Amino acid sequence: MPRPRTITDERLLAATAQVIGRRGPGFTLAEVAAEAGVSVGTVAQRFGSKNGLLQALTRQTSAEQVARMRAAADVPDPVEGLRAALLTWLAGMTDPDEAHNHLAQLGVDLIDPELRALLADLYEATGRTVLELTRRADLPRAPSPERAARVLTALLYGVSMDWSVRPRGALADRLVEDLDAVLDSWKGR
């Protein structure tokens, strides 16, 4: 009879995200195992390889991000809900070095066809969610909901990338400032 699992995939994936934040794409399964407090064999048995681990992390991130966005948007004012949903994307990203390491991992992920396809799924799910939330919002001066959603997601991705390269102030403050500038102009302020 196999031994019961004492560590969840979620814990291993959380350890992976932490290690990527510290080390970037040069991280190893041994570092993930140490972070999670398990053997390398446990990580390898569960995910097969570093690539398998990254695929699982991307799938988990996709599912969790959409859920976070929808939960944040569950407020009476649809514009405030849209704003709150967009801000969840970068929640917890406060360290420029950590952001840089995640961005570096993204660059490596884009080279791998399977990881790139999973990232495309993540971006598609984010785009669909932003579109859904944009359609609910009263933004009389905004372009079509489809274009507005593209602009908002591009703003989100662009601000995070720019801040990763040129960190000035807090990322959350920068995103709030830029996001509010766009939403306020679309509201007619």
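Helices (H or I, at least four residues) and strands (E, at least two) are DSSP runs, numbered from the N terminus. This is a predicted model: local features need pLDDT of at least 70, side-chain atom pairs count only at pLDDT 80 or more, and totals for chains, interfaces and linings use all residues. Residues are numbered from 1 along each chain as its sequence is written, and side-chain values use heavy atoms, with hydrogens and water left out.

**Exercise 1.** Describe the make-up of the protein chain.

Solution. Count the elements: nine helices and zero strands. Then take the box: the C-alpha atoms fill roughly 60 × 40 × 30 Å along the principal axes. Finally, burial (under 20% relative accessible area, 1.4 Å probe, protein chains only): buried residues are 42% of the 189 residues.

**Exercise 2.** Characterise the span that UniProt lists as "DNA-binding region".

Solution. The unreviewed entry gives residues 28-47. Such annotations may be inferred rather than shown by experiment. In the model, this span is 80% helix and 0% strand. Its end C-alpha atoms lie 13 Å apart.

**Exercise 3.** Check the length of helix 6, then find its buried side.

Solution. Start with length. Helix 6 covers residues 96-109, and its 14 residues should span 20 Å at 1.5 Å a residue (times one less than the residue count). The end C-alpha atoms are 20 Å apart, which agrees.

Next, list the buried residues of helix 6: Ala99, Asn101, Gln105, Leu106 and Asp109. They cover an arc (directions from the helix axis to the C-beta atoms) of only 160 degrees, so they sit on the same side of helix 6. Their cover includes helix 1 (9-23), helix 4 (50-72), helix 7 (113-136) and helix 8 (145-165).

Methods:
Buried < 20%, exposed > 50% of the residue type's maximum accessible area, 1.4 Å probe, protein only. Contact = heavy atoms within 4.5 Å.
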